[in-house]
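Open the structure in your viewer and keep the selection panel at hand. The tour below goes from one selection to the next and says what is found at each.

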Amino acid sequence: MVLLEARGITKRFGGLVANHRVDFYVEEGEIVGLIGPNGAGKTTFFNVLTGFYRPEEGQVFFLGQDITPLPPEKRCELGLVRTFQVVKTFKNMTVLENVMVGAFVRTASPAKARAMAEEVLRFGGLYEKRFMPAASLTIAEKKRLEMLRALATQPKVLLLDEAMAGLNPTETQEAVALVRRLREERGLAIVLVEHVMEVVMPLSDRVVVLAGGKKIAEGPPQQVARDPKVIQAYLGERYARRKGLVGTV
Ligand SMILES: Nc1ncnc2c1ncn2[C@@H]1O[C@H](COP(=O)(O)OP(=O)(O)O)[C@@H](O)[C@H]1O
Ligand SMILES: [Mg+2]
């Protein structure tokens, strides 16, 4: 069953076309990787899916309902939730309070929100740190906290924007394991935006590649990794970066 579907999404910033007629869907229980070089339009597309941006063209459907006009909080109530590329933990609050913010989407009772948050923290391995200020966590723990706060809203589809960027190899493996458990044990469908292909490939059932705002490839990870269009998009980026390093103007 298709849970989330976007049809013909175009999003412009002035003259810049950040997303151009992008079609996308996520089925129940799927892990979909959304990859592409820097500036490809991945975060913009997430913002359109979750209601932070209104597209100039196209529609977004969730559970069969046209949600294009709905604001993010309404989409969250329906079960479509995201994390942010730049972590947005509430620094002056404890780990527990941060997760309770998510739980309040489902209950007005502080006692219930607390119980829900504690359950989620146990699941995600941050229970021991529940009374610590969020500001004291490592980057990896903050990213995990973001995922758990999103989980506390009881989503059906979870969108993770670069949840593994900046993590060391051990932390990356822990984050990958958590994402797998979200699917296996909580039945979530997940969309992973990652800049680094190596992280997404082993985790995804299906990969969608954006470059220059357009979908240039889609399919099983092994097939996409061999696609000349995809290789070219990434090689182009590497080339540009090398030029930058050399400092040519
Ligand atoms: N709020 C904005 N205003 C103007 N241009 C933007 C804005 N957000 C993104 N862009 C531009 O849109 C393009 C896609 O950006 P983004 O979606 O952040 O890419 P990605 O997440 O794939 O790196 C880039 O060229 C970026 O500079
Ligand atoms: Mg981005």
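Select Tyr53 and ligand 1: in this predicted model, a polar atom in the side chain of Tyr53 is 3.4 Å from a nitrogen atom of the ligand. Add Thr43 next, where an N or O atom of the side chain lies 2.9 Å from an oxygen atom of ligand 1. Then show the backbone of Gly41, which has a polar atom 3.0 Å from an oxygen atom of ligand 1.

Now switch to a surface view of ligand 1. On its own the ligand exposes 560 Å², and the protein buries 62% of that.

Which elements give two or more residues to the shell around ligand 1? Colour strand 2 (16-27) and helix 1 (42-50) to see them. Helix 1 contributes the most, three residues. To view more of the surroundings of ligand 1, select residues including Phe13, Leu16, Ala18, Pro37 and Asn38. By residue class, the shell holds six nonpolar, five polar and one charged.

Leave the ligand and select helix 3 (residues 95-103) together with helix 5 (residues 139-152). Their axes come within 6 Å and cross at roughly 35°, and the crossing is right-handed. On the helix 3 side, show Val95, Asn98, Val99, Val101, Gly102 and Ala103, which make the contact with Leu145, Leu148, Arg149 and Ala152 of helix 5. Coloured by class, the residues of this contact are seven nonpolar, two polar and one charged.

Conventions:
Residues are numbered from 1 along each chain as its sequence is written. Chains are lettered from A and ligands numbered from 1 in the order in which they are written. This is a predicted model: local features need pLDDT of at least 70, side-chain atom pairs count only at pLDDT 80 or more; totals for chains, interfaces and linings use all residues. Side-chain values use heavy atoms; hydrogens and water are left out. A residue is near a molecule or strand if one of its heavy atoms lies within 4 Å of it. A polar contact is a pair of N or O atoms within 3.5 Å; within protein, one must be able to donate a hydrogen and the other to accept it, and residues adjacent in sequence count only if both atoms are side-chain atoms. Accessible areas come from the Shrake-Rupley method with a 1.4 Å probe; for residues, only the protein chains shown count as cover. Helices (H or I, at least four residues) and strands (E, at least two) are DSSP runs, numbered from the N terminus. Ala, Val, Leu, Ile, Met, Phe, Trp, Tyr, Cys and Pro count as nonpolar, Asp, Glu, Lys and Arg as charged, and the others, Gly among them, as polar. Axes are lines fitted to C-alpha atoms, for helices over the stretch in contact, and angles run from 0 to 180 degrees between N-to-C directions. A crossing is left-handed if the near helix is turned anticlockwise from the far one by less than a right angle, and right-handed if clockwise. Contact means heavy atoms within 4.5 Å.
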